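Reader: I am new to this structure and would like a close look at a single part, the pairing of oppositely charged side chains. Please go slowly, and then show me what else is worth following on the model.

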Amino acid sequence: MNFQQIFGKPPETQASAPGRVNLLGEHTDYNDGFVLPTAIPQSTTVQIGFSRDGQHHLYSDNLNERVDILEINYTPSGFASYIFGCIEVLKKAEYTIPPLSLYVNSLVPMGSGLSSSAALEVATIRAVRQLLDLPIDDVEVAQLAQQAEIHYVGVHCGIMDQMASSLADTEHLLFLDTRTLERCLIPFPDKAEIVVIDSGVPRTLATSGYNQRRAECEEAAHLLGVAALRDITDVKATEALPEPLRRRARHVVTENNRVLEVLEGVSSQRFGELMNASHASLRDDYEVSIPALDTLVEILQQTEGVFGARLTGAGFGGACVALVASGETKAMSATNALKKYNQAGYQGRILVPVADFE
């Protein structure tokens, strides 16, 4: 079913936004810290047009689900909550938003930690911006998308995912200071690319675990007398904290330092070492890994052509990212690692690179 079949007329315009994978800087964005994501090839596309009957109509091609927003003060759930949230934050920014029809198709894998939600939000705001010629720049798009997720989806997320979806590309890494929004695009390490493999385990505890870790970090910052853990640069300062706050804070401080080291320029080998250290920290200090992710990361780290690997996203399931030697080695590394992982009893799949495996 396409837009015309659903809504009885062709769309006026459309916009897309990519998912993202984070190479370093995990669980640092809500601590005002530093992150290093890149866009993935898969994107979400939103087709849009004016509604004929004075109501908003939303359709997800992936879910084969239609939501008609007919009631005043009605907040939908599921995929529609993200779109509705985007419309509402635009209204609160004093833009006049007429009744709309929106059709969504996404190639961004859901539940893998690759920010399918941010891609939907950014694509929606881009589509509305294009349709109505709104004077909103790409940073504002990300900020509005974040507010939509916080206030209408109920996820108190940091800004990284939306900024990556709005500003990143697949050819560079996006360095972002989540406090100041200072940012720059930096090249990948020499002769290196990424591989992303889904563990096959959905992120069942990601939301509850995320909220708990965020609260622990806020408590740690309070005890240390700083606005956010970003303000601690020496890991020794965390030693006085009670457990588990000491380990939570230690992860954030060391993770921020890993991102800043990359910003200074490192080799592919050193970048891989930093990714390996990041995973160990996420596993031991932040405790957001699970056996499936640890198994997949260990296999990747032992695979020829791989510089380093780690879980990506909130944890408790989802995907792992590896930095690998570019060229033919990349495909071989991915397929060899996936074969060993699935032989261990799991059901993973390669998400990036796309062309070689779809």
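Author: **A network of charged side chains**

Seven residues, namely Glu216, Glu239, Glu243, Arg246, Arg247, Arg248 and Glu287, are linked in a network of salt bridges, where a salt bridge is a side-chain nitrogen of Lys or Arg within 4 Å of a carboxyl oxygen of Asp or Glu. The model is predicted, so local features need pLDDT of at least 70 and side-chain atom pairs count only at pLDDT 80 or more, while totals for chains, interfaces and linings use all residues. Residues are numbered from 1 along each chain as its sequence is written, and side-chain values use heavy atoms, with hydrogens and water left out. Side chains of opposite charge can pair when their charged atoms come close. Searching the whole structure turns up 24 salt bridges.

One pair in the network is Glu216 and Arg248, whose side chains meet in a salt bridge at 2.7 Å, N to O. Glu216 belongs to helix α6 and Arg248 to helix α7 (residues 245-263), so this pair ties together parts that are 32 residues apart in sequence; helices here are DSSP runs of H or I with at least four residues, strands are runs of E with at least two, and both are numbered from the N terminus. Glu216 is buried, with a relative accessible area of 9%, and Arg248 is likewise buried, at 4%, where buried means under 20% relative accessible area, exposed over 50% and partly exposed in between, for a 1.4 Å probe and protein chains only.

Arg246, another member of the network, forms a salt bridge with Glu239, the closest N and O atoms being 3.5 Å apart. Here the two partners fall into separate classes of exposure: Arg246 is buried, with a relative accessible area of 18%, whereas Glu239 is partly exposed, at 44%.

Helix α6 also holds a salt bridge between Glu218 and Arg214, four residues apart in that helix (residues 206-224) and therefore separated by about one helical turn. The closest N and O atoms of Glu218 and Arg214 are 3.6 Å apart. Glu218 is partly exposed, with a relative accessible area of 47%, while Arg214 is buried, at 13%.

To place another part of the model, look at the open sheet of four strands, which has the order β9-β10-β8-β11 with antiparallel pairing, two strands being paired if DSSP finds at least two bridges between them. Its edge strands are β9 (306-312) and β11 (349-352), each of which pairs on one side only. From one strand to the next the twist averages 30°, with axes taken as lines fitted to C-alpha atoms, for helices over the stretch in contact, and angles running from 0 to 180 degrees between N-to-C directions. Strand β10 (residues 319-325) is joined to β9 by six bridges, the two running antiparallel, and in this pairing Thr312 stands opposite Ala319 in β10.

Two helices lie across strands of this sheet, judged by contact, that is, heavy atoms within 4.5 Å. Helix α9 (residues 291-301) lies across β8 (192-198), β9 and β10, running at about 170° to β9. Helix α10 (residues 328-343) lies across β8, β9, β10 and β11, running at about 25° to β8.
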